[in-house]
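Please look at the model below with two topics in mind, its metal sites and its pockets.

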2 protein chains.
Amino acid sequence: MSVNLYDVANELERAIRQSDDYTNLKSLYAAVNNDEGSKQLFERFRTLQMELQQKQMTGQEITEEEVQRAQQTVAIVQQDENIAKLMEAEQRMSMVIGELNKVIMKPLEELYAE
Amino acid sequence: MSVNLYDVANELERAIRQSDDYTNLKSLYAAVNNDEGSKQLFERFRTLQMELQQKQMTGQEITEEEVQRAQQTVAIVQQDENIAKLMEAEQRMSMVIGELNKVIMKPLEELYAE
Ligand SMILES: [Ca+2]
Ligand SMILES: [Ca+2]
C-alpha cells in the first residue's frame with residue numbers, strides 16, 4: 001500500500017472519531033454501560049444476537065423457538081430508552097460506514113463496468 | 001454524514017485512483033481487453049465465477065462437476081499471461097481495500113471492545 005493511501009485512510013479514521021455520529025454513539029454506549037439494568041439487558045441481547053449469527057454463519061438451523069425468543073428480546077430491549085437510543089445511533093453509524101465503503105469501492109466498480 | 005467525513009472519503013477515493021496498485025490494475029485490465037483471446041477467456045471465467053457466487057449466496061448446492069469445471073477454468077486462465085498478471089494485481093488491490101476497510105472500522109471495533 002502506498003504511504004499516501006495509508007495517510008488518507010488514517011485521516012478518514014480520525015474524521016470518523018470526530019464525527020457527531022460517532023461521538024454521539026460513544027456517549028449513548030456509555031449511558032447504557034452506566035445503567036446496571038440497561039447494561040445487563042443489552043449484554044443479554046448481544047449474546048443472543050451473536051449466538052444466532054454464529055449459527056447462521058456455520059449453516060446451523062435456527063429454530064422457530066429461537067426466532068421467537070429473539071423477537072421477544074428485541075421487543076423488551078426497545079422499551080429500554082438507553083438501549084433504544086443506542087440502537088438508533090448504531091444504525092445511523094453503520095449507514096455512514098456503508099456510504100464510506102461505497103465511496104472507496106467506486107474506483108474498482110468503475111473498472112469492471114467499463 | 002458530516003460534510004467533513006464525505007470530503008475525506010472522496011480524498012481517499014482519489015488516492016486509490018492515483019495509487020500504483022490501481023493504475024497498474026487498470027492497465028493490466030486494458031491489456032486483457034485488447035487481446036481477443038485473453039478477453040474471451042477472462043469473460044468465460046468471470047461468468048462461471050459469478051454463477052457459482054450466485055449459487056452460494058442463494059444457498060444452492062454446488063455440484064462436484066461444477067467444482068471441477070471451475071478448477072479447470074482457473075488452470076487454463078492462469079496459463080494466459082495477461083490474465084495471470086491481472087489476477088495477481090486484483091489480489092493485491094483487494095488486500096489494499098481490505099486494509100483500508102480495517103482502518104475505517106477501527107473506531108467502531110474499539111467502542112465495543114471497551
Ligand atoms: Ca435503568
Ligand atoms: Ca493472446
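The report that follows takes the calcium sites and then the pockets.

## Basis of the model

This is a predicted model, in which local features need pLDDT of at least 70 and side-chain atom pairs count only at pLDDT 80 or more, while totals for chains, interfaces and linings use all residues. Residues are numbered from 1 along each chain as its sequence is written, chains are lettered from A and ligands numbered from 1 in the order in which they are written, and side-chain values use heavy atoms, with hydrogens and water left out.

## Calcium sites

For the calcium ion (ligand 1), the protein donors (N, O and S atoms within 2.8 Å of the metal, or 3.2 Å for Na, K and Ca; water is not among the atoms, so sites may look incomplete) are two entries for D35(A) (OD), lying 2.3 to 2.8 Å from the ion. D35(A) sits in the loop between α2 (20–33) and α3 (36–57) of chain A, where helices are DSSP runs of H or I with at least four residues, numbered from the N terminus.

The calcium ion (ligand 2) has its protein donors from D35(B) (OD), at 2.3 to 2.7 Å, and D35(B) lies in the loop between α2 (20–33) and α3 (36–57) of chain B.

## Second largest pocket

The second largest pocket (on a 1 Å grid over the protein atoms alone, an open set of points where a 1.4 Å probe fits, with protein on both sides within 12 Å along at least five of seven lines; lining residues have an atom within 4 Å of a point) has a volume of about 310 Å³, a volume being the space filled by probe spheres set on the points, which are joined across faces, edges and corners. Its lining includes Y112(A), R46(B) and E90(B), and α3(B) gives the largest share, six residues.

Definitions and conventions. Helix = DSSP H or I, 4+ residues; strand = E, 2+ residues; numbered from the N terminus.
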